[in-house]
Amino acid sequence: MDTTVNTRFSRKHPLISSIGVILVFILALNIPSFLLMQFGPSFFLTNGDFVFQGTVEAVGALVAIGMVFALKLGYIWKEKGTDMFSGFVSAGYFIIISLVSLVLTVSSLLSGPQIIPLAPKWKVVVFAVTVLLIGFTEEVFFRGIISNLFYEKHAKDSAGVWTATIYSGFVFGLMHLTNLAGSNPIGVLVQVFNACMMGMALTAVYYRCRNIWALVMVHALVNFCGAFAAGILEGGSLSDTISSYNLWQLLSALPYIAITFVLLRPSKMKKIIERQNLEYVVDETGSSVSSKSSKKSAVVSSILAVVISLVIIVSAIVLYAVTVITSFSVFGRWDGREKFSSVSETFTVDKADTYDIVMRNIFQSSDCSTVLTLYENDVDVFRCTMDGNVQYCVIYPFEEGSEYRFAVDYVSDADTVPKQGSLYYVSIKLMDLDKYE
């Protein structure tokens with residue numbers, strides 16, 4: 001890999017450079033989004049999220065290409081460390097969980113009567129193109145550019161590869177802190193931690209396969225499977241679900257950590273290092289030899305990763321303990337009855353104020369609906385109907401000293417009762433938002 005044509009600053013200071021790249025990434029998506037909303041033809045604003053998002057991502061893709069050439073990283077288009085299939089094997093976990101998600105989504109859509117019509121064919125095509133553009137833009141920015149900046153600086157030996165992987169993953173994950181502007185901080189922190197671990201795993205995949213096109217296709221597949229229902233149904237939306245993330249979802253980061261260690265095991269380091277035209281040095285026992293500076297960088301990056309992870313996790317737990325007054329959930333599989341009802345325990349609030357009621361309703365059958373009722377001193381004071389797979393956040397004034405409880409009821413005609421075994425999940429959180437503002 002010829003580094004003589006690379007810009008000096010970006011190679012000498014990859015961390016600072018990566019922050020600049022992220023700023024360009026954010027601006028590349030937000031500026032065209034703002035311009036479209038303010039001055040764009042109504043066609044882009046009235047034909048669903050994917051027409052709008054696809055247009056924005058097209059601009060982002062062009063900016064990504066420009067950044068690659070500006071930073072003299074054009075070799076990423078041609079490098080083929082492995083063939084496409086080998087790249088898919090390295091990313092096997094991401095492919096498997098995406099396909100499982102797709103199967104579950106299709107099964108859900110077929111399990112009940114079709115109420116929501118399919119989107120026109122041209123919108124389905126736009127959806128497919130959009131997820132491909134998202135995959136291209138994000139992989140070029142974060143793996144093609146940022147991961148390579150760290151790779152060229154640090155990946156001289158095994159310890160250096162780990163340094164580059166950790167920094168790349170955490171830069172990717174911490175970028176998601178920008179979601180604090182519009183989402184529940186607890187959900188954002190959970191997302192950030194998982195994104196850090198996922199970023200390391202994706203970087204490890206890239207270092208192993210050195211095929212950016214394989215990463216683009218895998219990323220596009222993940223997006224396609226995750227948003228499949230929204231993409232093929234009329235009125236499908238890219239609605240924000242970050243606020244619904246809960247603390248248990250921190251555990252979903254564990255597979256990403258395991259994948260990173262498997263992909264970067266000692267027996268695979270030789271090829272990763274030699275792709276930078278460097279000698280893979282081993283000692284008399286056959287173990288990889290790393291320089292003192294590489295070991296120091298690896299220790300520093302590891303300590304930073306642990307500290308940042310602990311800060312994120314502890315902050316999420318503390319925020320949950322401080323802001324969530326009470327939570328109530330109903331989860332299970334349909335037993336064939338036409339109706340169900342569940343009631344929370346009675347609770348009180350510390351002070352009279354307005355509090356957020358965050359509600360999440362998930363049903364496999366899109367025609368299912370539930371009714372959430374809030375009782376104050378056994379009097380019905382608030383009622384909300386949730387249909388299908390939705391999330392709501394409403395504000396309600398609670399009084400100090402009053403006793404409250406939630407009730408969730410399913411009410412429907414027998415003709416629309418879900419099939420026995422269908423999954424349902426309803427969750428409610430009462431939150432004091434003032435405590436993290």
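Begin by selecting Trp213, which is partly exposed, with a relative accessible area of 33%. The model on display is a predicted one, and the tour moves through it in five stops.

**Stop 1: Trp213 and its surroundings**

Trp213 is part of helix 9. Display the residues around the Trp213 side chain: leaving aside residues up to four places away in sequence, Trp213 touches Trp77, Met84 and Phe136. Next, show the backbone of Trp77, whose oxygen lies 3.2 Å from a polar atom of the Trp213 side chain. Then add Asp83 to the selection. The C-alpha atoms of Trp213 and Asp83 are 9.8 Å apart in space, although 130 residues separate the two in sequence.

**Stop 2: the salt bridges**

How many salt bridges does a search of the whole structure find? The search finds 5, and three of them are visited here, beginning with Arg210 and Glu79.

Select Arg210 and Glu79 together; their closest N and O atoms are 3.2 Å apart in a salt bridge. This pair links distant parts of the chain, 131 residues apart. Arg210 sits in the loop between helix 8 (185-209) and helix 9 (212-226), while Glu79 belongs to the loop between helix 3 (49-70) and helix 4 (84-90). Is Arg210 buried or exposed? Arg210 counts as buried because its relative accessibility is 2%, which is under the 20% limit. Glu79 is buried as well, with a relative accessible area of 15%.

Move now to Arg143 and Glu139, another salt bridge, in which the closest N and O atoms are 2.9 Å apart. Both residues are in helix 6 (residues 121-154), and because they are 4 residues apart, about one helical turn separates them. In an α-helix there are 3.6 residues a turn, so residues three or four places apart point the same way. Arg143 and Glu139 are both buried.

For the next pair, select Arg405 and Asp378, which form a salt bridge with the closest N and O atoms 3.2 Å apart. Arg405 lies in strand 7 (residues 404-410) and Asp378 in the loop between strand 4 (369-376) and strand 5 (379-387), so the pair ties together parts that are 27 residues apart in sequence. Asp378 is exposed, its relative accessible area being 59%.

**Stop 3: His154**

Return to helix 6 and select His154, which is found there. With a relative accessible area of 14%, His154 is buried. Which residues does His154 touch, not counting those up to four places away in sequence? They are Pro14, Gly160, Val161, Thr163, Ala164, Tyr167, Ser294 and Ser297.

**Stop 4: helix 13**

Of the residues that His154 touches, Ser294 leads to the next selection, since Ser294 is one of the buried residues of helix 13. Select residues 292-323 to show helix 13, which has 32 residues. From its first C-alpha to its last, the helix reaches 46 Å, close to the 46 Å expected at 1.5 Å a residue. Colour its buried residues: Ser294, Ala298, Ser301, Ala305, Ser309, Ile312, Ala316, Leu319 and Thr323.

**Stop 5: a nonpolar surface patch**

Finally, switch to a surface view and select Leu27, Ile31, Phe34, Leu35 and Phe39, which make a nonpolar surface patch of about 540 Å². Within this group, Ile31 is placed in helix 2 (residues 14-39). Ile31 counts as partly exposed, at 45% relative accessibility.

Conventions. Residues numbered from 1 in each chain as written. Predicted model: local features only at pLDDT ≥ 70, side-chain atom pairs only at ≥ 80, totals over all residues. Heavy atoms only, no water. Salt bridge = Lys/Arg side-chain N within 4 Å of Asp/Glu carboxyl O. Helix = DSSP H or I, 4+ residues; strand = E, 2+ residues; numbered from the N terminus. Buried < 20%, exposed > 50% of the residue type's maximum accessible area, 1.4 Å probe, protein only. Patch = residues over 30% accessible without salt bridge, like charges linked within 9 Å, V, L, I, M, F, W, Y side chains within 5 Å. Areas by Shrake-Rupley, 256 points an atom, 1.4 Å probe, with all protein chains shown as cover. Expected span 1.5 Å × (residues − 1). Contact = heavy atoms within 4.5 Å. Polar contact = N/O pair within 3.5 Å; in protein donor to acceptor, adjacent residues only side chain to side chain.
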